[in-house]
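Hi,

Here is the structure I promised to pass on. Have a look at it first, and then read my notes below.

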Amino acid sequence: MNGKESDPTPAVRPRRFIHQSTNPLIQLSSGICVHLWLIFRAAFGLRISVFVALVLAATLTAVAADSPVQTAPLRLRLEAAQNAAWPADVGAVEISPCWNTPGPVGVFTAAGKPVAFHVYWSASGEPTGISFDASSGAAVYYVCFAANLPAAPGGWTPKAGVLVETRACARQPVNTFAQVSRLLDLAGPPQGREYFPDIFLGMNPFGPSSFYVASFSGWLRLANPGSYRFATVSTDASWLQIDGQTVAEWLGEHGPHGGRRGEHGGAIQLRAGLHHLEYSQVQFDGEAAAEAAWQPPGASHYEVLPASAFAPVARFRVASFESDGQPEPLYFEWRAVGQCALEDAMAVRVRLRVVDHFQRRNYRWRFDDGTEAKGMNVEHIFPQPGLRNVTLEAWDNDRRVASNTVRIRVAPNWLQRDWWRDDLFNDAKNDWLHRDLTRTPARDLAAMVALADRADDRELLTRAGEVMVQRAAEFNTPADGVAIYKLGTVFQHQGDAGDARAEKSFRLALAPERISSHVADKVRLRLADLLIHWSGQYDEAEKLLGGISGSNLSGDERRLQRLLQGDLLLARGQVGEARNQYLAAGGRSDRKMEEAAAAARLESASILIEHGQLEDAQEALDRLDFEIPLERLALGVGLLNLKLALDRKEFQRALTGCHLLAPVAENEPRQSELLYDTVTASLALGKTDEARRALTRLLKDFPYSESAAKAKAQWP
């Protein structure tokens with residue numbers, strides 16, 4: 001199948017992926033003609049033998065030329081996969097839906113003979129599973145797509161292997177077969193079907209591993225007649241039937257440990273040959289197990305029913321793709337190779353492979369998330385599962401010669417036991433940080449933000465979150481509002497630009513189209529906090545606090561609301577009223593204990609700042625201000641907060657903090673430090689008039705202070 005056309009002119013060569021001489025039907029006709037020519041030459045002489053041979057050759061070649069293997073517009077050559085069970089009466093292959101098929105589908109031998117087949121799974125965007133009659137023993141078959149294909153033999157049943165199907169279900173009693181029957185009637189549509197080697201499963205291979213029904217349909221191949229014992233080991237209800245007769249059952253909700261010794265089993269007399277085994281298991285939540293065990297004649301104990309007990313299914317693969325169509329189609333395969341997921345956020349890695357003849361061509365992949373890749377075999381990380389568009393292009397000498405866009409279903413590898421993989425997340429993060437996120441589809445961007453949030457990865461969350469806020473017009477649902485609100489909490493304390501993004505985020509989250517009732521009060525609280533301590537917009541902050549109902553706030557959030565009301569009083573110079581508000585918010589009953597705790601935390605925060613651990617220092621100071629409210633009036637605590645803000649280049653927050661502390665610092669010796677910080681923050685913000693006023697007062701009122709000396713040295 002890897003031969004190339006002998007015609008040296010690529011522009012006019014036929015779009016066929018094999019030599020004419022390698023077609024099996026042509027080879028067959030040639031062999032027959034040679035054989036008959038030798039027979040007729042011996043019997044009738046050279047002249048007659050040549051004439052008869054030519055007639056036969058023309059007839060057989062015409063038959064060969066009419067075979068779907070030769071004439072179908074689209075043909076897939078199937079070869080037995082490496083390590084496939086062989087010989088086998090049943091073959092199985094997965095066909096990727098890479099085109100709009102021009103007609104019915106059929107399976108044929110290499111000689112063009114129709115083969116019975118059965119489509120065991122088909123769903124939008126997913127590979128189609130086909131089982132077919134492989135009893136001829138041939139190692140090569142063709143799947144052909146064309147109108148008016150020869151009919152496949154009827155009456156065929158794929159009596160081999162173990163075909164597994166799952167469906168979603170809801171919890172309900174399963175203590176009797178009547179209850180089980182009702183559950184099955186109400187179960188959802190099939191989530192998937194596939195051949196498995198045996199009946200030994202610990203999770204759902206096609207969906208979430210809770211609340212599902214797994215059904216196994218297998219064909220036992222027994223060499224000897226006799227009495228066979230079968231048992232079920234499962235979580236929750238299970239039962240096993242042979243040729244329609246129930247042999248083992250274990251109904252109800254339970255764990256697997258009470259059936260490890262074959263306690264839930266039975267015996268049946270069986271003849272040699274094939275027998276249909278059906279096994280079903282209902283799985284609710286928790287640990288999952290579905291195992292069929294047996295004790296054949298002469299065995300001393302039960303064992304898991306081995307794969308060798310079932311008639312084998314030979315796995316085939318698509319080895320090559322052949323087409324005479326114009327424009328030339330392209331065929332590729334894909335499969336999920338892993339995912340990293342936390343809660344409802346998930347990234348899926350998919351491996352894609354071109355099946356094509358022109359090995360010297362270049363291939364380019366274009367994904368619907370705005371990214372591209374090159375090569376016959378590539379991997380791509382999708383930010384979320386679902387139906388995705390993938391375009392494959394073939395290029396020859398800088399000329400695009402073929403293209404195909406396919407809508408594929410990206411789904412997790414459900415058999416992956418640990419759904420969080422650091423390696424995959426790190427690969428995804430590195431990939432996404434190097435993308436132009438302004439071109440990323442909105443839902444993919446939201447998925448990136450969600451995964452970064454669940455993983456608590458500030459770098460990715462900040463980068464993707466900035467773009468999400470910039471493109472806020474594309475995010476207009478209450479769920480988007482919740483995500484944008486969370487981004488606002490992340491942007492805080494990332495310099496003045498971060499606080500500005502936080503304010504924008506909170507305001508976006510409160511927009512009518514995005515507002516979510518269960519977080520609206522939280523957003524108002526956070527925005528009021530930011531307006532008081534960063535931008536100094538006290539009147540708006542007061543309105544926000546007044547508009548909070550409190551019904552969706554936690555106890556700590558209601559306490560913060562009272563503390564912010566005290567901060568508003570302080571901002572307006574009402575120190576006594578602010579003190580009363582802080583006392584009303586609550587704290588330790590023993591003031592001496594409060595002072596001791598405050599001193600310890602203040603020292604700890606100071607050490608953290610000296611060592612550059614600014615986030616930890618911020619957390620320590622925030623906890624101090626929250627748990628011991630009166631410390632919000634302590635000049636020492638306030639000055640340390642200002643130092644931290646200046647070190648983090650949060651100059652607007654620092655200047656607003658200076659304004660809040662001004663009433664507390666009046667007539668205090670350390671007021672000089674507050675004035676010095678006011679000058680520093682004002683100059684950083686370009687507010688030279690305010691800086692000049694603060695500097696003048698510092699040098700006038702505290703001429704011999706350390707702060708004045710520093711100011712003279714820094715601003716001579």
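**Aromatic pairs and a buried strand**

Trp239 has a relative accessibility of 8%, so it counts as buried. Keep in mind that this is a predicted model, so please read everything below in that light.

What does the ring of Trp239 pair with? Its partner is Phe177: the ring centres are 6.0 Å apart and the planes sit at 85°, which means the pair is edge-to-face. The angle has to be over 60 degrees for that label. Phe177 belongs to helix α4 (residues 177-186) and Trp239 to strand β13 (residues 238-242), so the contact ties together parts that are 62 residues apart in sequence. Unlike buried Trp239, Phe177 is partly exposed, at 34% relative accessible area.

That pair has company, as a search of the whole structure turns up 19 aromatic pairs. One of them is Phe132 with Tyr141, a tilted pair at 5.0 Å centre to centre with 55° between the planes. Both partners are out of reach of the probe by the numbers: Phe132 is buried at 0% relative accessibility, and Tyr141 is buried with a relative accessible area of 0%. These two rings also belong to a cluster, in which ring pairs link Trp86, Phe132, Tyr141 and Phe316.

Rings meet charged side chains as well. Lys710 lies over the face of Tyr676, 4.5 Å from the ring centre, and Arg501 lies over the face of Phe491, at 5.3 Å from the ring centre.

Now for strand β17 (residues 290-295). Six of its six residues are buried, so the strand is largely enclosed by the rest of the structure. In a regular strand, side chains alternate between the two faces of the sheet. Here both faces are covered: Ala290, Ala292 and Trp294 are buried on one side, and Glu291, Ala293 and Gln295 are buried on the other.

Which strands pair with β17? Here is what I have:

- Strand β12 (residues 226-234) runs antiparallel to β17 over six bridges, and Thr232 has Ala292 as its bridge partner.
- Strand β10 (residues 200-201) is joined to β17 by two bridges, again antiparallel, with Phe200 partnered by Glu291.
- Strand β18 (residues 303-304) pairs with β17 in the antiparallel sense over two bridges, and Val304 in β18 stands opposite Ala293.

If you open the model, I'd begin with β17 and its bridge partners, then move on to the rings.

Cheers

Definitions and conventions
Residues are numbered from 1 along each chain as its sequence is written. This is a predicted model: local features need pLDDT of at least 70, side-chain atom pairs count only at pLDDT 80 or more; totals for chains, interfaces and linings use all residues. Side-chain values use heavy atoms; hydrogens and water are left out. Buried means under 20% relative accessible area, exposed over 50%, partly exposed in between (1.4 Å probe, protein chains only). Helices (H or I, at least four residues) and strands (E, at least two) are DSSP runs, numbered from the N terminus. Two strands pair if DSSP finds at least two bridges between them. Rings of Phe, Tyr and Trp (its six-membered ring) pair if their centres lie within 6.5 Å; planes under 30 degrees apart count as stacked, over 60 as edge-to-face and the rest as tilted. A charge sits over a ring if NZ of Lys or CZ of Arg is within 6 Å of the ring centre and within 35 degrees of the ring normal.
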